[in-house]
Amino acid sequence: MDNPRYEHDNGPQQNSTVINGNLQLNNCTGNNDITLAVDDVESSKLASNQKTTFTQHSKGTCLKNLTTFTKRKLFILQWIPAYSGDDFLGDLLAGITIGLTVIPQSMALASIVGIPAQYGLYSSFIGTFIYLLFGTSKVVPMGPTAIVGLLISNTIGTRGSAYATLLCFLTGIIQTLMSFAGLGIIVNYISVPVSSGFTSASAILVITSQVKDLIGVKGGGGNLLKMVRTVLDHISNISTGDTVMGFTCIGAVMLLKAFSTTRIGPKEEELQTLWQKYVNKFIWAIGAFRNSFVVIVCSIICYWCVHKTNHDITSDWPPPIPFKVIGKIPHGLPHFQWPEFSNKDESFFDIIFFMGSGIIVIPLISLLENISLCRTFAEGKPVDTDQELLAIGLANLGNSFFHGFAGSGAIARGALNYSSGVRTPLGGLYTGLTVMAALVFLTPYFYYIPKTSLAAVIIAASFMMVDVKMVKHIYRSKKRDLVLMLITFFACLFLPLEYGVLIGIVANVGFIMYSAAKPKISIQVQKNHDGIKYLLLTPDRYLIFPSMEYVRQTITKHGLALGIPVVIDGSSIFEADFTTANVFAMMSRDFSTKGQFLYLYNLKPSVANVFKGLKNCNILLCANKNELDELLRNHFGPSQIQEQYQNETIWTSKM
């Protein structure tokens, strides 16, 4: 979002100035035809001065343009000069809150991708540092998300972390290039019903993908049917301990979330006492840290169980307890390394071919998820989609050098970030530092985290992504959009997710083309004040080539049947093309052979120019109703008007 105090500093330029008695000409001189009569010496001096000044001006302009470009792209330069102590406190508290939330979530999201838990943590700090430099939204907590994680899983299958990291690199490259190409506008072509259907289906798929860890069985699959089938195949191996703990965790998370909305005292914070404010903040904190609280309690239980059995945690064997734990996680921060572009079995192009459409779909869905979050909490400010595309593209690019996988701005974490009182994108700094501290100091304790608790955290968060209320709103607004939403929803559920999104977008375009091909046309028979009857047709939208055959049939059918002048009211026609003008010209010739005329009036200037540009066009254009009446009067003399009246009387008597 633009800083209101940020202004371009390119002021007005003067055509010429006089410095030390010499005439200095700028490169934007208003009159280039003036010739000054000077001798050769003075001419050479003047030429020297002109050359020097022009070079200085060009360097100054380039430097100024570079500064403006840098401020626009390196967005932190627009708001950091006004950073205050209150901003620091708000960002610090919000950043730590998100950091403590993202630690268990990121490890759980790594399981969706199908890679070890530590890679979720590796994906949760470098991106936050890069986003705060380029991002425009204060609420975006750059990191792993359930939807993107599911898409990555569908794209790489069981190929492991190296493929996920390479896919993160490719995602970052594509998003960065799209940003400089100005392709951020592409998200505007994905309608709300398509987005809602995709999000709800993704939430159900995420929930289904976590059932295996929730009940302690093996599972997998890229769509709903495969996931359910693999879980049912192993249902006989269900772990009672994991199942009890998992469902207990889901209930605890949901109860803590509901409890966090409780408030004591008056609803208005200004009317609350100091004690009531502290209690309400404590209640809110319990809800905000509910995921961490549940995971910590479950980890303590597993820690007690492991040490009671005297199990050697340095061994490769799982502990003999009724819960499956994460196990050993490498200590410390990941080291810098280029992604693996090939291996001994596959070349780079083989890997690209294997990933297929996921290389294109993941950057787009990542952008869509991020923009949805930005717009939700934009507070009325416009969202620069190209700048956001650059920010998340560079963030994903940075993650790929530290073994991370692709991410975006998670909506649930963004809402928590907003409610935590974040003030600027600098909150991401403290989120990243919190994750780094966990990797440095807490990795030995991550061994005891039960997988079922992480699955419960993801399942509880995904429930909120199923947008049931949207169905009611769309149904009341426009039922056709509900059909579009359901098409996307079921396609994403039962087909690979990227194909489901594509089907939703294609269906959306198809509905638009169908609407464009059959515009509504109001048809009336009217009389003017001279008593001349004419057929008035009023199209309700733009007339372009897909709709012209339908429009031609409608106008010809009614016009020839009545045998009276045909008038097209163009007040609602916002766009026309050459095909439109050509079809109307042919209709006009057809009507003229029957002794009828075709009139167009109330056309907007841009539409009228389309018809005027057609050679040998016999369409009668009228600027307004008065001109139309005058043309009708000229074409229909008193005898013709009387004849039309008599024909109408005879036709009425026959009725």
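## A charge over a ring

A charge counts as sitting over a ring if NZ of Lys or CZ of Arg is within 6 Å of the ring centre and within 35 degrees of the ring normal. In this predicted model, Arg159 does just that: its charged end sits over the ring of Phe354, 3.8 Å from the centre. Lys479 has a similar story with Tyr475, its charged end sitting over that ring at 4.6 Å from the centre.

## Tyr163 and Phe354

Phe354 also turns up among the aromatic pairs, of which the structure holds 19. Its ring centre lies 6.1 Å from that of Tyr163, and the planes are at 80°, so this pair is edge-to-face. Angles over 60 degrees get that label.

Where do the two residues sit? Tyr163 lies in helix 7 (residues 161-180) and Phe354 in helix 13 (residues 348-355), so the pair ties together parts that are 191 residues apart in sequence. As for exposure, Tyr163 is buried, with a relative accessible area of 7%, while Phe354 is partly exposed at 31%.

## Phe336, Phe401 and their cluster

Now for a stacked pair. The rings of Phe336 and Phe401 have centres 5.3 Å apart and planes at 15°, so they count as stacked, the cut-off being under 30 degrees. Both partners come from loops: Phe336 from the one between helix 12 (290-308) and helix 13, Phe401 from the one between helix 15 (385-400) and strand 4 (408-409), so parts 65 residues apart in sequence are tied together. Phe401 is buried, its relative accessible area being 13%.

These two belong to a wider group. Ring pairs link Phe336 and Phe401 with Phe169, Trp338, Phe341, Phe348, Phe349 and Phe402 into a cluster.

## The five-stranded sheet

Over to the strands. Five of them form an open sheet in the order 5-6-7-8-9, with mixed pairing. Which strands stand at the edges? Strand 5 (521-527) and strand 9 (620-622) do; each has a single partner strand, so one side of each is left without a neighbour in the sheet. From one strand to the next, the twist averages 25°.

Strands in a sheet pair through backbone hydrogen bonds, either parallel or antiparallel. Strand 5 and strand 6 (residues 533-539) take the antiparallel option, over seven bridges. Gln526 stands opposite Tyr534 in strand 6.

A helix comes into the picture here too: helix 23 (residues 548-562) lies across strand 5, strand 6 and strand 7 (566-569), and runs at about 25° to strand 5.

Notes. Residues are numbered from 1 along each chain as its sequence is written. This is a predicted model: local features need pLDDT of at least 70, side-chain atom pairs count only at pLDDT 80 or more; totals for chains, interfaces and linings use all residues. Side-chain values use heavy atoms; hydrogens and water are left out. Two strands pair if DSSP finds at least two bridges between them. Helices (H or I, at least four residues) and strands (E, at least two) are DSSP runs, numbered from the N terminus. Axes are lines fitted to C-alpha atoms, for helices over the stretch in contact, and angles run from 0 to 180 degrees between N-to-C directions. Contact means heavy atoms within 4.5 Å. Rings of Phe, Tyr and Trp (its six-membered ring) pair if their centres lie within 6.5 Å; planes under 30 degrees apart count as stacked, over 60 as edge-to-face and the rest as tilted. Buried means under 20% relative accessible area, exposed over 50%, partly exposed in between (1.4 Å probe, protein chains only).
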